[in-house]
Amino acid sequence: MKRRSKIYLGILTLLLFLLLLFWFSLPSNLFKDPTSTILEDKKGELLAAKIASDGQWRFPVSDSVPNKFVTSILTFEDKNFYNHIGIDFLSIGNSAWQNIKSGRIVRGGSTLTMQVIRLSRKNKKRSFLEKLIEITQALRLELTLSKKEILTLYASNAPFGGNVVGLEAASWRYFNAPSSQLSWAEAAALAVLPNSPALIFPGKNEVIFLKKRNRLLKSLYENGYLDNISYNLALKEPLPGRPYALPIVAPHLLAYSEKKGMKGKRIISTINIHLQKTVNKILARHQERLSANGVYNAAALILDVKTGKVLTYGGNILSDKIDDHGYSVDIIQARRSTGSILKPLLFGMLLTEGKLLNTSLVADIPTLIGGYAPKNYFLTYDGAVAFKQSIARSLNVPAVRILQEYGVEKFHHNLKKLGVTTLNKPHTHYGLSLILGGAEGTLWDLAGIYRNMASSLNDYHLIHKFRLKTEKPSFTSEQAKQNYCTVLDAGSIWLTFEAMNEVSRPEEDASWRDFSSAYKIAWKTGTSYGNRDAWAIGCTPQYVVAVWAGNADGEGRPDLTGIGSAAPILFDIFKHLKSPQWFLQPFNEMTQTEVCLKSGFKAGENCEERIIQWTQKAAHLSGLCPYHKLIHLDETEQYRVSGECESVRNMHTKALFVLPPAMEYYFKNKNASYKTLPPYREDCMAYVTNRSFEILYPSHGSKIFIPIEIDERKGKTVFEVAHRNPGKEVFWYIDSSYVGSTKDFHQLAVNPEPGEHYLTVTDRDGESKRVKFEVIER
């Protein structure tokens, strides 16, 4: 009895061991081969693909297999697939009988499940043990996966000839289409290939290949899957020829995705393939124009404002010449000098904090700050210009002067809060040049910032508060919402976009005129120092389009500018985007303010011409008009007087619009209606304390280099003074030496010796001003 119990226990233990062996016989991951990186658009269309690291075109496992291929492969390979448990005993018996009759192996008895196991085991040499393992693992696989999942594994890993593995890769390589679009003839051709993958060899084996495919088509017809017409039409379809190259619609996005850890995966993007192809064509067309100037690269990015999704990703010009002119460089993620593209952000920050109104006059005069002398693009000055016009015209001097008052550190900090990720150095490294391209940015960051501005303004009308929808992992929605509440409020964003809508369009591309009459767009251009980078960014309530043009290697070109090179691409793209609406004005985040008509500041008590206009909510923090002053005139109103030289009863007091001398000097040349102050009456000159002139150049502390002329003589530098009364004679002194006088046009060419000097300027009324400067040698 005890012996029998031991036998039973041994048998039970053996059965348990065999059961465990069976259960753990299947590897947890059947296929460990590297896969290709696949990029698809939002509807599953193939945008780009990269071959797997082992040199095979092997797409990641698909979610499903098209019915035509399923029907074809089961008809050809495994008719009883849905009825067996991984082993088809009837098929094995029939195969064995046919092989015995033929005296050789003419038919195998493997099911599709067993073929999946064989593929996973790399088609090891056939033997009785190997067959036993295949059977065991096939049974185990049937207990683990559904029939659909087993079919998917087979279709994704079956060999289709050459370096093509898997149905999806084969469909694209042989028919240039996704497997879901295969015809019956194409599905049948692919169904017979895994059985004999060497058949796919253009020019060879075509007769055998054709017979096999047509035999399968006949079986499909006989089984009722094809009607007579479809069958005869399928027989006439040609076999696949040489493999097609896979689509290359968004290769730079594919490369970027791989860098982000998506290598070997199927990436479902938000790209619109039709819009992507349109943008690719636009970039290629403009590259022909730009290449005449030695400019070879361009990039464009389109974002959906509502969702933040990327609709197109044109990282560069598409070219077969991968290493020629840097076409492989993804410009969208490249760090490039920002030029003037950040100016609207500074504009919005000042409005949000109530530093200025959008109409306030700002100074546009020659400026030297700590050795830094910014220049406007056309090297001219307006004297004074409305704040919003300085943005519309992208004037450099007002931007630098405003940044100095606002603070570089604060601007630097706020830019980082808004999403500029490339500011990895302290604000002192960039200085005032930060506003003119002294820092680097990416098209990705900048497009995201302008999109967030547009989204915040749109969302305000939905929920009356900001809600930032961003895909950046470094920001939470709460952090972003707080950033946009404190850095840029809704009213200021709206005023910023209104100013950007007034930007002068590129004259060489007159098509913008037709476009601007269709609908409004807020846009800004930028050109980096040395003409190395041309930027253009535009937004509407629906879209943000960001464009860059230049050379990937950083080579500058003389005519490379944002307005002439990037803006035409921007408007060409917007022609294909329907965006008829404009941003709604956020009235609850704005206020009506009484504004001085001439100065654009809040109206002061001396402002006679006033207007009520909508301003940002913080307008109450801005100062009153500083340019309207009470002026005392004599009875003829031709001369100014004071209490020391005229009786109060005889004085006529008027409020006049008076700019400081330097601003007035340039302003009156472009504004014929501007009236200069009347001169002081001669008997009142002794009591004058107000300044009538300013030294424009040199400014105090300037360092001046005077070059040597071609004839090797020492050159000269031109000093300049702005006098409120040009007819007045001005006398010039360097140190204690008199060097000349000027009248009407107060400019004097001099060549001081190297070293430190003092320039003293006086006029006939006794007014004097003095600055220190230094002449340096190389």
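**Salt bridges and cores: worked exercises**

Counting every side-chain nitrogen of Lys or Arg within 4 Å of a carboxyl oxygen of Asp or Glu as a salt bridge, you get 23 salt bridges. Before you start, note that this is a predicted model, where local features need pLDDT of at least 70, side-chain atom pairs count only at pLDDT 80 or more, and totals for chains, interfaces and linings use all residues. Residues are numbered from 1 along each chain as its sequence is written, and side-chain values use heavy atoms, with hydrogens and water left out.

**Exercise 1.** Find out which parts the salt bridge between Glu258 and Lys50 ties together.

*Solution.* Start with the pair itself: the N to O distance between the side chains of Glu258 and Lys50 is 3.1 Å. Next, place each residue, using DSSP runs numbered from the N terminus (helices are H or I, at least four residues; strands are E, at least two). Glu258 belongs to helix H11 (residues 251-262) and Lys50 to strand S2 (residues 46-50), so the bridge links parts 208 residues apart in sequence. Last, check accessibility: buried means under 20% relative accessible area, exposed over 50%, and partly exposed in between (1.4 Å probe, protein chains only). Glu258 is buried at 16%, while Lys50, at 40%, is partly exposed.

**Exercise 2.** Do the same for Lys410 and Glu353.

*Solution.* Their side chains form a salt bridge at 2.4 Å, N to O. Lys410 sits in helix H16 (residues 408-418) and Glu353 in the loop between helix H13 (343-352) and strand S9 (361-364), so this pair joins parts 57 residues apart in sequence. As for accessibility, Lys410 is partly exposed at 33%.

**Exercise 3.** Work out which residues share a network with Lys575.

*Solution.* Lys575 pairs with Asp572, their closest N and O atoms being 3.9 Å apart. Shared partners then join Arg285, Asp572 and Lys575 into one salt-bridge network. Here Asp572 is buried at 11%, and Lys575 is partly exposed at 44%.

**Exercise 4.** Describe the largest nonpolar core.

*Solution.* Such a core is a set of buried Ala, Val, Leu, Ile, Met, Phe, Trp, Tyr and Cys residues joined through side-chain atoms within 4.5 Å. The largest one has 101 residues, and those with the most contacts inside it include Met349, Phe411 and Leu659. Helix H18 (residues 443-463) gives the largest share, nine residues. Now zoom in on Leu659: leaving out residues up to four places away in sequence, its contacts (heavy atoms within 4.5 Å) include Leu361, Tyr627 and Arg724. Apart from the largest core lies another, of 53 residues, with Leu30 and Met114 among them.
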